[in-house]
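Okay, thanks for squeezing me in this morning. Have a look at the screen while I get going, and shout if you lose track of where I am.

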Amino acid sequence: MMYSLKNLMIVVVESMMNKFEEDEIQSQEKQKKFSKERSSSYYTDNCSDSDSSFNQSYKFCQGKLQLILDQLDPGQPKEVRYEALQTLCSAPPSDVLNCENWTALCEKLTVSLSDPNPVFSDRILKFYAQTFTLSPLHMTKEIYTSLAKYLELYFLSRENHIPTLSAGIDMTNPDMIRLLKKVRLLSEYQKEVPSFWIRHPEKYMEEIVESTLSLLSVKHDQSHHVSQKILDPIYFFALVDTKAVWFKKWMHAYYSRTAVLRLLEKKYKALITTAVQQCVQYFELCETMKADEISGHSKHYRNRQKTFYYSGQELQYIYFIHSVCLVGRLLIYTQGRKLFPVKLKNRKDSVSLTDLLVLFTQLICYAPSCPKMTSSAHLENYSPASMVTEVLWILCDQKECTTECLYNNTIIESLLQPIHNLMKGTEAAPDCSEIALIHIADILARIASVEEGLLLLLYGENMNSSKEESPTGAHIIAQFSKKLLDEEISIFSGSEMLPVVKGAFISVCRQIYGTCEGLQVLIPYSLHESLAKAWKKTSLPSESIPTPVEGSDSVSSVSQKSQNIIAWEENLLDDLLNFAATPKGLLLLQRTGAINECMTFMFNRYAKKLQISRHEKFGYGVLVAQVASTAAGAVSLQNSGFINALITELWSNLECGKDDVRVMHPRSTPVDPIDRSCQKSFLALVNLLSYPAVYELVGNQDLPNKAEYSLREVPTCIIDIIDRLIILNSEAKIRSLFNYEQSHVFGLRLLSVICCDLDTLLLLEAQYQVSEMLLNGQEENILETSESHRSFIIDSLSVERNHVLVRINLIGGPLERTLPPRILEKGDDPYPWPMFSSYPLPNCYLSEVRRNADIKQDSELGKLLLRFKISEKQTEWIENCRRQFCKMMKTKPDLISGVALVELLEKFVFHLTESPSECYFPSVEYTATDANVKNENLSSVQQLGIKMTVRYGKFLNLLKDRAENDLTLVLKHCERFLKQQQVSIKSSLLCLQENYAGHDWFVSSLFMIMLGDKEKTFQFLQQFSRLLTSAFLWLPRLHIS
């Protein structure tokens, strides 16, 4: 059986081989025959998509083309001509275009396009469409230019019955159908050709561009009335491509944009002129039309929508939209803006860039509703306000373009003119709709979101002009927004769009008050109070909204009006929340009493992963850091659940991993100190844990220090994070961690960062003895190799603890201490830095450069002080002192120290306190002695701060042995002195229940500057406390004052 199967296979294979050889011979013979019939070589370029009829089954010969030419003669019978067109369409377009008689064929096709029989023109357009689809650019270019030339001649010919503007376009007319088919074919090719013409010689692209611009620039005799005007080609192109998508694509790439702009400037600038003319004429029409006429036209358009007919007014509007899009795209580019100004007919002055943009802004307000072109869904997209606003949006996104076009007082005044009119009263207000106001506010918000635009709104072009002379844009917007919130503008009373208008203009204001400079300008208008009042008024009805019942219709349960109320309430909370972007704004937010609700709103949006808002420069992380810098803000964050959610997310990434991901293989061992999945949570905690926040969240609270921790027990607060990740002082805490080393390194890194704030360091040291915990951890990491030799085990935890210990025990700059690195080195000794488990620190971490306390007074500074003694005019002395001090700080900063600095400070403050205008606070009599304050107690944070200050002062050779007692007395005197100006208040905040929560670093620094002289230090502080500067530099100065 196997033998017979083998013989059969041999016979089959031999038969197949013979058949293949016969086919190969026949193919070679056919190839030779075709080569002989080929008359001449045809032109091809070296482009990648340049191809002819390769691998085609049908070859179009020269004789066949001549036969088709004869058959296409207009004298031939209709059937013969139709058959010729059929043959032409079935042939490869590339072969047709490569024949010698293509020029003659093109003429015949052009003649046939005008044939009254639609069959012939449709067949030719089909051939053109096939060519555009299947042939390379150098071939399709020929078809495109010939069709464009045909249309150009068609419109210029008086024999063709082109409709007038008053007659409109009847879409059921066969002539119009054929014409629009030709225009649409060109339009579709215009949109597609930019995607591949860059791969071809530039001349092809230039020919296409020039033929297009030449066609669009065709104009008929304008001597007769406008209504009798014959429609130009641009009207038909606007009809099939209303938003000028072709021009947008042609201007996108520099390759084609250069050619377009060059031709527009040299030969076809009339195309831009007519587009601008159309915009001007449409605006003039809007000004002359009355309200009843507008209503009548809208009704007329709605009736016309049921028929396939475009009236003259609709065509004018479509051409207007096309012109707006074309001119707007032109303004984006520098060379396009250079085409302005343009000279219009019947106008004495030229239209500049500013004139055109003012016209655009006026169109937003005063243009009537547009006709319904296709359906009601497209009404908004094609309305004048929407189209112009879209153009201005694009301009706002281009920095160079915005600076040149929009950042001037004329444009801003034009945008604000409707607001001026509305604030004057309903009689002065034109027919400006709510939609127009929303568009204006959106444009202003985009301008205000950029620094240059914000400065223009705040101060105008002339930053020295006063508000009384002419209020700037920011003042007008703030006044209008406040009137809207206080419901002092009655023109839109009861309108459903009123909350949207309010929200749009408040969005502009928040771009302004989101900066320190802008908030300072808007403070007189008390927008935060108006927003809070509006929110409280809105929150009352929103609380009574019924909850949707299961099984009932949601629309009937919660009405659309109720949903709008909820959306408006959230909008107001969002606006109030954005006051927290600046320190002063945060204070204003706290005064409104709505900070808790704002934090809850922010947390809800954060939990849903929603963006903060459009045009905003930052996300909620910045707001959280700003809010957490105050005690009240930190408590609000805690109450909102934000901190709980943040810690839960951290624990999930650090310890649990993702439960919803199937584990196909073990997780890789982390190689970074903080895993990438935890970095965001780490940064969020760092931004959150300012000293006021730490004191409110952990002050006077003990660690849980439980005997046992469940593996499912997740931390929920900052105390838990400290207990579970930082202070791991028991085996129960260590066993409760799945990733002990990684989690503890995370906690130590967090400790290292937050302890950069010395108040936080002192608080953690006073409450939890952080240093002792770290030293114990190092002690447990010692390996005793013998009785006399002990060595530390070097791992990530011991290296991290060593770094933190040096950082928290040595203060100063990089020249005053050396921090050990956190990474190992290559070689035999990977970690050459000595570790320690008890104090004092090894000397290698102390800088060898020490300051000498006996610094000689510089001769220049001595001369300066001498001149100060001689000077009699106090004001002149103060200004001269400031000027000379700044000069010396820039040139020789190291020379101003020691005794010279003490004398300079004393004299300067003394002269300031002699001037009543400089004394902001009244003088307070203080008679207490050292004996009176000796028995008073300082907080543990103050005591630790004293030790740290004295240790640092001795290191710099500025303080002596008695410095600790003297500094203690100075701080006790300061506490009693400041208590005379304090008042008792009732507050739930921990920081307001006792004395100042932190250490008085200003007094400690001044004590070192005074070289440990307690009398000079306290005397200076008594004088300095009268100055306004003390409120900013001496933090305890205003504590509950």
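I'll go through the chain as a whole, then some helices, then a few odd spots in the backbone.

First, a reminder that this is a predicted model. The protein chain has 1041 residues, and 49% of them count as buried. In secondary structure terms, we have 50 helices and 4 strands. Now take the contacts between residues at least 6 apart in sequence: 74% of those join residues at least 24 apart.

Let's zoom in on a single helix, H8, which covers residues 174-192. What length should H8 span, given 1.5 Å a residue? With 19 residues, the expected span is 27 Å, and the end C-alpha atoms are 27 Å apart, so the two agree. Right at the start of H8, Asn-173 has a side-chain oxygen within 3.0 Å of the backbone nitrogen of Asp-175. If you want to see which parts of H8 are tucked away, the buried residues include Leu-179, Leu-180, Val-183, Leu-185 and Leu-186. Charged side chains turn up there too: Arg-178, Lys-182 and Lys-191 are among the buried residues of H8.

Now for how helices sit against each other. I've picked three pairs.

Pair one is H10, residues 233-240, with H15, residues 312-331. Their axes come within 9 Å, and the crossing angle is roughly 80 degrees. An angle from 65 to 115 degrees counts as roughly perpendicular, and therefore H10 and H15 are roughly perpendicular to each other. On the H10 side, the residues that meet H15 are Ile-234, Tyr-235, Ala-238 and Leu-239. Their partners in H15 are Leu-315, Gln-316, Ile-318, Tyr-319 and His-322.

Pair two is H18, residues 384-396, and H21, residues 434-448. Here the axes come within 10 Å and cross at roughly 0 degrees. That makes H18 roughly parallel to H21. From H18, the contact uses Ala-385, Ser-386, Thr-389, Leu-392, Trp-393 and Cys-396. H21 brings His-439, Asp-442, Ile-443, Arg-446 and Ile-447.

Pair three is H33, residues 642-656, and H34, residues 676-688. Which way do H33 and H34 run, roughly parallel or roughly antiparallel? They pack at an angle of about 150 degrees, with axes 9 Å apart, and that makes H33 roughly antiparallel to H34. The crossing of H33 past H34 is left-handed. In the contact, H33 puts in Ile-643, Leu-646, Glu-649, Leu-650, Asn-653 and Leu-654. Across from them, H34 offers Ser-677, Cys-678, Ser-681, Ala-684, Leu-685 and Leu-688.

Let me stop at one residue, Leu-458, which is part of helix H22, residues 451-459. Is Leu-458 buried or exposed? Its relative accessibility is 3%, so Leu-458 counts as buried. Leaving out residues up to four places away in sequence, Leu-458 touches Thr-472, Ala-474, Ile-512, Glu-517, Gly-518 and Val-521. Take Thr-472: 14 residues separate it from Leu-458 in sequence, and the C-alpha atoms are 6.1 Å apart.

Okay, last part: the backbone oddities. As background, most peptide bonds are trans, and most residues other than glycine have a negative phi.

There are two cis peptide bonds I want to show you. One joins Phe-340 and Pro-341, with omega about 5 degrees. Pro-341 sits in the loop between H16, 334-337, and H17, 353-366. The other runs from Tyr-839 to Pro-840, with omega near 5 degrees. Pro-840 is in the loop between H41, 796-809, and H42, 859-870. Because its relative accessibility is 70%, Pro-840 counts as exposed. Pro-840 is 31 residues from Asn-809 in sequence, with 9.6 Å between their C-alpha atoms.

Then we have two asparagines with positive phi. Asn-705 has phi near 45 degrees, and its place is the loop between H35, 691-698, and H36, 718-726. At 41% relative accessibility, Asn-705 is partly exposed. Asn-957 has phi near 60 degrees, in the loop between H46, 940-955, and H47, 963-979. Asn-957 is also partly exposed, at 36%.

That's my tour. Questions?

How values were computed
Residues are numbered from 1 along each chain as its sequence is written. Side-chain values use heavy atoms; hydrogens and water are left out. The expected span of a helix is 1.5 Å times one less than its number of residues. Buried means under 20% relative accessible area, exposed over 50%, partly exposed in between (1.4 Å probe, protein chains only). A polar contact is a pair of N or O atoms within 3.5 Å; within protein, one must be able to donate a hydrogen and the other to accept it, and residues adjacent in sequence count only if both atoms are side-chain atoms. Axes are lines fitted to C-alpha atoms, for helices over the stretch in contact, and angles run from 0 to 180 degrees between N-to-C directions. Angles under 35 degrees count as roughly parallel, over 145 as roughly antiparallel, 65 to 115 as roughly perpendicular and the rest as oblique. A crossing is left-handed if the near helix is turned anticlockwise from the far one by less than a right angle, and right-handed if clockwise. Contact means heavy atoms within 4.5 Å.
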